[in-house]
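Work through the exercises below with the sequence and the model open beside you. Try each task before you read its solution.

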Amino acid sequence: MKRAHRLVITYGLLTVIGIVMVYPLLWMISASFKTNREIFSSLSLMPTEILWDGYSKGWQSSGQYTFATYFANTFVMVIPTVLLTVASSLPVAYGFARFRFKGKGLLFTLVIASLMLPTEVIIIPRYMLFNKLGWLNTYLPFIVPAAFATYSFFIFMLVQFIRGIPRELDEAARIDGCGPWGTLVNIILPLCKPALVSCVIFQFVWRWNDFLNPLIYISSVKKYPLSLALRMALDVTDTVSWNQTMAMSVLAMVPPVALFFLCQKYFVEGVANTGLKG
């Protein structure tokens, strides 16, 4: 009986916490159908006066370009960055996890130490470097560094996962004639699928929601990603149609949420097996 009471209390608390967490999301969806006045005067999820044009007018935007352009820009910036991050981080993590070489401890310490480095510290040096290279107002500051395993979080995450893979599998592959690259491709890569999916989700969401870096490197409205386009929507007119802004925010949220739910199984398994679950 006591166990039943504990379960009721536990699930009751979890339900309350879940409602509190999901309420802002539901309110944002509801606000996309409300008038400005009701948005600022009511916390109700049910609009008293429903506006159906928030999505159509919001999509057309108030500037020269529609949100179709901003969505396309975001995908062009995010997808290569995600793919190159995974492709470059896996070999580096494989080297740290499986090989012994001089300076390995120092190099891995530097990788971990870079996790503690605030982004604000390197903004100016990176800006000056990219300016010298002529990369400003392009997506190269996002894509090219990803090709050289510059995101140490993912290296650490994959190292932790690969260390959990039995070394006997490497030895079996070596007996079958596989070299280091063959072992990586045929053994490590398939087994790392959950961790790789986790890296894809993390990087996709972070780059999709990134505001500061595009604000610094992208100056042309034609190349704006969604994060800058949503902010710009608040500046182009004197009176902000908040239902349109909320509507575009809802649409902007769909791709990362859809990706998470499609890959949820692998994501949970990947995080659980990398020691990042807290």
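The exercises go from the whole chain to single residues, and the model they use is a predicted one.

**Exercise 1. The whole protein**

Task: State how many helices and strands the protein has, and what share of its residues is buried.

Solution. Step 1: count the secondary structure elements; there are 15 helices and 0 strands. Step 2: take the burial of the residues; of the 278 residues in the protein, 37% are buried. Step 3: turn to the outside, where the protein exposes about 16,200 Å², with carbon and sulfur atoms supplying 68% of that area. Step 4: add the extent; a box of roughly 70 × 70 × 35 Å along the principal axes holds the C-alpha atoms. Step 5: look at the contacts with a separation of 6 or more; residues 24 or more positions apart account for 72% of them.

**Exercise 2. The largest nonpolar core**

Task: Find which residues of the largest nonpolar core touch the most other members, and which element gives the most to this core.

Solution. Step 1: the core has 54 residues, and Phe67, Tyr70, Ile162 and Cys192 are the ones that touch the most other members. Step 2: list the elements that give two or more residues to this core; among them are helix H4 (67-98), helix H8 (152-163), helix H11 (193-209) and helix H14 (242-262). Step 3: H4 gives the most, with 12 residues. Step 4: take Ile162 as a case; beyond four places in sequence, Ile162 touches Leu90, Ala93, Tyr94, Ala97, Arg98, Ile188 and Cys192. Step 5: apart from this core lies another one, of 6 residues, including Trp27, Met28, Ala31 and Val250.

**Exercise 3. An aromatic pair**

Task: Decide what kind of pair the rings of Phe142 and Tyr217 form.

Solution. Step 1: a pair of aromatic rings is described by the distance of the centres and the angle of the planes. Step 2: the count of aromatic pairs in the protein comes to 21. Step 3: in the pair of Phe142 and Tyr217, the ring centres are 5.9 Å apart and the planes stand at 80 degrees, so the pair is edge-to-face. The cut-off behind this step is that planes over 60 degrees apart count as edge-to-face. Step 4: place both residues; Phe142 lies in helix H7 and Tyr217 in helix H12 (residues 212-217), so the pair ties together parts that are 75 residues apart in sequence. Step 5: check burial; Phe142 counts as buried because its relative accessibility is 4%, and Tyr217 counts as buried at 2%.

**Exercise 4. Three residues of one helix**

Task: For Pro255, Asn243 and Thr245, find the helix and say whether each residue is buried or exposed.

Solution. Step 1: Pro255 lies in helix H14, and so do Asn243 and Thr245. Step 2: a residue is buried under 20% relative accessible area. Pro255 has 18% and is therefore buried; Asn243, at 5%, is buried, and Thr245, at 11%, is buried too. Step 3: list the contacts, leaving out residues up to four places away in sequence. Pro255 touches Phe71, Phe75, Phe204 and Trp208. These four residues, together with Trp59, form one aromatic cluster. Asn243 touches residues including Ala31, Ser32, Asn36 and Asp53. Thr245 is in contact with Leu230, Leu234 and Val240.

**Exercise 5. Residues in loops**

Task: Locate Thr35, Asn137 and Ala149, and find what is notable about phi in Asn137 and Ala149.

Solution. Step 1: Thr35 sits in the loop between helix H1 (2-31) and helix H2 (36-41). Step 2: the relative accessibility of Thr35 is 19%, so Thr35 counts as buried. Outside its neighbours within four places in sequence, Thr35 is in contact with Glu49 and Leu51. Step 3: Asn137 lies in the loop between helix H6 (119-133) and H7, whereas Ala149 lies in the loop between H7 and H8. Step 4: most residues other than glycine have a negative phi. Asn137 has a positive phi of about 65 degrees, and phi of Ala149 is positive as well, near 55 degrees. Step 5: Ala149 counts as buried, because its relative accessibility is 16%.

Methods: Residues numbered from 1 in each chain as written. Predicted model: local features only at pLDDT ≥ 70, side-chain atom pairs only at ≥ 80, totals over all residues. Heavy atoms only, no water. Core = buried A, V, L, I, M, F, W, Y, C linked by side-chain atoms within 4.5 Å. Buried < 20%, exposed > 50% of the residue type's maximum accessible area, 1.4 Å probe, protein only. Helix = DSSP H or I, 4+ residues; strand = E, 2+ residues; numbered from the N terminus. Contact = heavy atoms within 4.5 Å. Areas by Shrake-Rupley, 256 points an atom, 1.4 Å probe, with all protein chains shown as cover. Phe/Tyr/Trp six-rings, centres within 6.5 Å; stacked < 30°, edge-to-face > 60°.
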